[in-house]
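Below is a short briefing on one protein model, arranged by topic. Please read it alongside the sequence and the coordinates.

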Amino acid sequence: MVTPPVIVTRAEPGASETVERLRAMGLTAIPSPMLELKALDLPMPDLSGIYNLVFTSANGVRYFVEAVGGINEQVGDLAAWCVGPATTDAAKAAGLQRIMAGDGNADELSDLILSADGVEGGFLHVANSAAAGNLVARLTAAGREARFLALYETVPASGFDEDAKAALVSETATIILFHSAKAAEAFAALSEDLPMSANVVVAISEAAAAPLESLNACAVIAAARPNEDALMEALLQACKGL
């Protein structure tokens, strides 16, 4: 199996976590985050009427815990609905106790919420400033009280890491790993003039792969499920195909 270098485009702290995982697998990993996360300057979140927290990323969990000053008894008693394994792990690590774990995307998480019995009280979807929309709208349309809280924003990178740039222009096979559509959009904007025909794109979902279809890469591969385990499986399949 060919093991080309793998460029990791997700934002920190997730980038370092993925790089560590890849290196443990014996792969050469190059971090080159396409997004920077920045906390928004906001007052303490208003949790009045909220019985359910909704998280669609591990970063949402991290920024929420920071915003409320840690998990106290009141916050710890709230139900936490998590989109997938990484978000669930972050919620557990933060000290949240009542965790409902999903294994898909935001639409599937809203389906899980709406299909659950005995769920009461309001919902607060905590995420980045670009994520407002469908999830809260779906819950509201179904008669649930729901609101959105943006605690951080994503800022596109202005360039590539030097090692990543060298790998991309080498015209030998390089794999580029994407955890989000936003990172894919930022990468696409920076790579319009780069030779991509030898490179393989591996994305966590079809939505994350879509902004990269126009880059003329050797292949664009989407994971079977939108989580990192499935992304790693897709990565290994991409290596076998080279």
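The notes that follow cover the sheet, the helices that lie across it, and one histidine.

The model is predicted. Its open sheet has 6 strands with mixed pairing. Helices α4 and α5 each lie across several of these strands, α4 across β4, β5 and β6, and α5 across β4, β5, β6 and β7. In strand β7 sits H125, a buried residue.

**Sheet**

- The strand order is β3-β8-β7-β4-β5-β6, and the sheet is open.
- The edge positions belong to β3 (35-39) and β6 (98-101); each has a single partner strand, so one side of each is left without a neighbour in the sheet.
- From one strand to the next, the twist averages 25 degrees.
- Strands of a sheet pair through backbone hydrogen bonds, in either the parallel or the antiparallel sense.
- The pairing of β4 (residues 50-55) with β7 (residues 122-128) is parallel and extends over 5 bridges.
- G122 in β7 is the bridge partner of I50.

**Helices across the sheet**

- Helix α4 spans residues 85-94 and runs at about 175 degrees to β6.
- Helix α5 spans residues 106-115 and runs at about 140 degrees to β5.

**The two sides of α4**

- T87, T88, A90 and A91 are buried in α4.
- Viewed down the axis of α4, these buried residues fall within an arc of 160 degrees, so they line one face of the helix.
- An α-helix has 3.6 residues a turn, so residues three or four places apart point the same way.
- The buried residues of α4 pack against strands β4, β5 and β6 and also against helix α2 (58-67).
- K92 and A93, on the other side of α4, are exposed.
- G95, just after α4, has a positive phi of about 105 degrees.

**H125**

- H125 is part of strand β7, the strand that pairs with β4.
- The relative accessible area of H125 is 3%; the cut-off for a buried residue is under 20%, so H125 counts as buried.
- A polar contact of 2.9 Å joins the side chain of H125 to the side chain of T56.
- Leaving aside residues up to four places away in sequence, H125 touches V54, T56, A131, L135, V136, R147, F148 and L149.
- T56 therefore appears both in the list of residues that H125 touches and as its side-chain polar partner, with H125 itself buried at 3%.

Key:
Residues numbered from 1 in each chain as written. Predicted model: local features only at pLDDT ≥ 70, side-chain atom pairs only at ≥ 80, totals over all residues. Heavy atoms only, no water. Pairing = 2+ DSSP bridges. Helix = DSSP H or I, 4+ residues; strand = E, 2+ residues; numbered from the N terminus. Axes fitted to C-alpha atoms, helices over the stretch in contact; angles between N-to-C directions. Contact = heavy atoms within 4.5 Å. Buried < 20%, exposed > 50% of the residue type's maximum accessible area, 1.4 Å probe, protein only. Arc of directions from axis to C-beta. Polar contact = N/O pair within 3.5 Å; in protein donor to acceptor, adjacent residues only side chain to side chain.
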